[in-house]
Amino acid sequence: MKILDVLTPDTICIDLKARDKKGILDELVAPVVAMTGTSHEELLKVLMERERLGSTGIGGGIGIPHGKLKNLDQLILGFGLSRRGANFESMDNRPTHIFFLLLTPEDSAGLHLKLLARLSRLLKNEDFKSQLMQATRTEEILDIIREKDEDF
């Protein structure tokens, strides 16, 4: 499965304004609400509950908030870019700039883990992260991901 099989232009936020975890999640959730059949508040609750288990701020400026939803029938992936960085309670205690939001059906652990692993591999590439940080348009984000995703 390629990242662009699930990431759509509508779910990309290239200028996140929030500076804290709840605010970032609030902004990331906004464009995906209609796709989930779940309320904004319920999505935030699911994500915040997951964050209480341990931060999904994995360090290196990366956050991959994720959660499972009962009535979801497909994977949903969102992307967000915080140029100033946000306090996402990252493992390395540094600001987080690049976010991938992953929502999955409750019974799809395999797909969920495959996509998380794919994202993690891509995000280890410093050049990839740098290109994402410099992007100013949704199309650029998609092109950067498409180019790197083809290599895997």
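In the predicted model, Thr96 belongs to strand E6, which spans residues 96–105. The relative accessibility of Thr96 is 0%, and because burial is assigned under 20%, this residue counts as buried. Beyond its neighbours within four places in sequence, Thr96 is in contact with Gly61, Ile62 and Gly63, with Ser82, Gly85 and Ala86, and with Phe88 and Ser90. For one of these partners, Gly85, the C-alpha atom lies 5.0 Å from that of Thr96, although the two residues are eleven positions apart in sequence. With another partner, Ser90, the contact includes a polar component, in that the side chains of Thr96 and Ser90 make a polar contact at 3.3 Å.

Strand E6 also takes part in the nonpolar interior of the model, as one of the elements that give two or more residues to the largest nonpolar core. This core comprises 25 residues, within which Leu77, Phe79 and Phe100 have the most contacts. Besides E6, the elements contributing two or more residues are strands E1 (7–13) and E5 (76–86), together with helices H4 (109–123), H5 (126–134) and H6 (138–150); the largest share, five residues, is supplied by H4.

When residues up to four places away in sequence are excluded, Phe100 touches Leu77 and Phe79, as well as Gly63, Ile64, Pro65, Gly78, Leu119, Leu123 and Ile145. Apart from this core lies another, of 20 residues, which includes Leu44, Leu47, Leu69 and Leu101. In soluble globular proteins, nonpolar side chains tend to be buried together.

Key. Residues numbered from 1 in each chain as written. Predicted model: local features only at pLDDT ≥ 70, side-chain atom pairs only at ≥ 80, totals over all residues. Heavy atoms only, no water. Helix = DSSP H or I, 4+ residues; strand = E, 2+ residues; numbered from the N terminus. Buried < 20%, exposed > 50% of the residue type's maximum accessible area, 1.4 Å probe, protein only. Contact = heavy atoms within 4.5 Å. Polar contact = N/O pair within 3.5 Å; in protein donor to acceptor, adjacent residues only side chain to side chain. Core = buried A, V, L, I, M, F, W, Y, C linked by side-chain atoms within 4.5 Å.
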